[in-house]
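Biologist: Hi! I'm new to this one, could you walk me through it?
Modeller: Happy to, let's have a look together.

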Amino acid sequence: MNQKERMLSGLPYKAWLDNLKEERERCREILYELNTLPPKERSKIPEIVKKLFGKVGEGIWLEPPFHCDYGWNIEVGDNFFANFGFTVLDVGKVSIGDNVQIAPNVSIYTAGHPLHPDSRNSGYEYGIPVTIGNNVWLGGNVVILPGVTIGDNAVIGAGSVVTKDIPENMLAAGNPCKIIREITDADRDYYFKDRKFDVEDY
C-alpha cells in the first residue's frame with residue numbers, strides 16, 4: 001500500500017511521498033486560476049470548480065478566495081454555495097449534499113497529526129472523512145474537525161468548532177459545538193429570531 005492509498009484509507013501516511021506533493025501542486029495551479037480570476041470573468045467559476053472537485057452537482061457557486069489540498073477529494077451536490085474564505089483540508093474525503101450554504105471563513109479539516117510529539121515529529125499525519133448532509137447551513141467562521149458528520153437540515157451557528165456529529169434537524173452552536181434545540185415546522189414562519197416573514201412566497 002503506497003502513501004496515497006494509506007491516506008485515503010485513514011491510515012498514518014507521509015504527505016511528501018508517492019506523488020502526493022505533485023498532486024497538491026496541480027491543485028494549487030487550479031486554485032491560482034480561480035483565486036485570481038478577473039471580476040468580468042466570474043462566470044467561469046463553476047467551470048473551474050468542476051475541474052477542481054471530484055464531483056460537482058448543478059447550480060453551484062463558490063466565492064473566491066478558496067483553498068484546499070487536492071480538490072479531487074471533495075464532492076458537492078446541487079445548489080451548493082460557499083462564501084469568501086472557504087478552506088478545506090481534503091486529505092480525507094469531504095462529502096457535501098444538496099442545497100448546502102457555507103458562510104464566510106468556514107474551514108473543514110479532515111487532516112490531523114498525532115498527539116504525542118515523538119509521533120508527530122515522525123512526519124506521519126492522517127485524514128478522517130467529513131460528511132455534510134442536505135440543506136445544511138454553516139455559519140461564519142465555523143470549523144469542522146476530522147471525522148464529523150452533520151445531518152440533513154442542520155444549522156451550525158457562527159463561530160462554532162464542531163468536534164462531534166450533529167444529528168439532522170438540529171440547531172447547534174458553540175465551542176465545542178453543542179445542540180441548542182431541534183428545528184421544527186414552527187420555525188418556518190420566521191426569518192430571524194422573532195421576526196416573521198411579511199411575504200407569502202417563502
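Biologist: Where is Asn 135?
Modeller: Asn 135 sits in the loop between β12 and β13 (137–138). Strands here are DSSP runs of E with at least two residues, helices are runs of H or I with at least four, and both are numbered from the N terminus. Before we go on: this is a predicted model, where local features need pLDDT of at least 70 and side-chain atom pairs count only at pLDDT 80 or more, while totals for chains, interfaces and linings use all residues. Residues are numbered from 1 along each chain as its sequence is written, and side-chain values use heavy atoms, with hydrogens and water left out.

Biologist: What is the phi of Asn 135?
Modeller: Asn 135 has a positive phi of about 60°, although it is not a glycine. Most residues other than glycine have a negative phi. Asn 135 counts as partly exposed, at 36% relative accessibility. The cut-offs are under 20% relative accessible area for buried, over 50% for exposed and partly exposed in between, with a 1.4 Å probe and protein chains only.

Biologist: And what about Asn 153, which loop is that in?
Modeller: Asn 153 is in the loop between β15 and β16 (155–156). Its phi is positive too, about 70°, and Asn 153 is not a glycine. Asn 153 is partly exposed, with a relative accessible area of 31%.

Biologist: Switching to peptide bonds: which residues does a cis bond join?
Modeller: One cis peptide bond joins Pro 64 and Pro 65, with omega about 5°. Pro 65 is in the loop between β2 and β3. Another cis bond joins Asn 175 and Pro 176, with omega about 0°, and Pro 176 lies in the loop between β18 and β19 (178–182). Most peptide bonds are trans.

Biologist: Now the sheet. In what order do the strands come?
Modeller: An open sheet is formed by 5 strands in the order β1-β4-β7-β12-β15, with parallel pairing. Two strands pair if DSSP finds at least two bridges between them.

Biologist: Which strands stand at the edges?
Modeller: β1 (55–56) and β15 (149–150) do; each has a single partner strand, so one side of each is left without a neighbour in the sheet. For β1, there is parallel pairing with β4 (residues 74–76) over 2 bridges, and Val 56 stands opposite Val 76 in β4.

Biologist: How many salt bridges are there?
Modeller: The count comes to 6, where a salt bridge is a side-chain nitrogen of Lys or Arg within 4 Å of a carboxyl oxygen of Asp or Glu. One of them joins the side chains of Glu 23 and Lys 4 at 3.0 Å, N to O. That pair links distant parts of the chain, 19 residues apart: Glu 23 is in helix α2 (residues 20–35) and Lys 4 in helix α1 (residues 3–8).

Biologist: Is Glu 23 buried or exposed?
Modeller: Glu 23 is buried, with a relative accessible area of 16%, whereas Lys 4 is partly exposed at 25%.

Biologist: What does Arg 42 meet in a salt bridge?
Modeller: The side chain of Arg 42 meets that of Glu 63, at 3.0 Å, N to O. Arg 42 lies in the loop between α2 and α3 and Glu 63 in the loop between β2 (61–62) and β3 (66–68), so the pair ties together parts 21 residues apart in sequence. Glu 63 is buried, with a relative accessible area of 12%, and Arg 42 is partly exposed at 30%.

Biologist: And the inside? Which residues touch the most other members of the largest nonpolar core?
Modeller: Those are Phe 66, Phe 80 and Ile 144, in a core of 42 residues. A nonpolar core is a set of buried Ala, Val, Leu, Ile, Met, Phe, Trp, Tyr and Cys residues joined through side-chain atoms within 4.5 Å. Elements that each supply at least two residues of this core include α2, α3, β3 and β4.

Biologist: What does Ile 144 touch?
Modeller: Its contacts (heavy atoms within 4.5 Å) include Tyr 109, Val 130, Leu 138 and Val 162, not counting residues up to four places away in sequence. There is also a second, separate core of 7 residues, which includes Met 7, Tyr 13, Leu 20 and Tyr 70.
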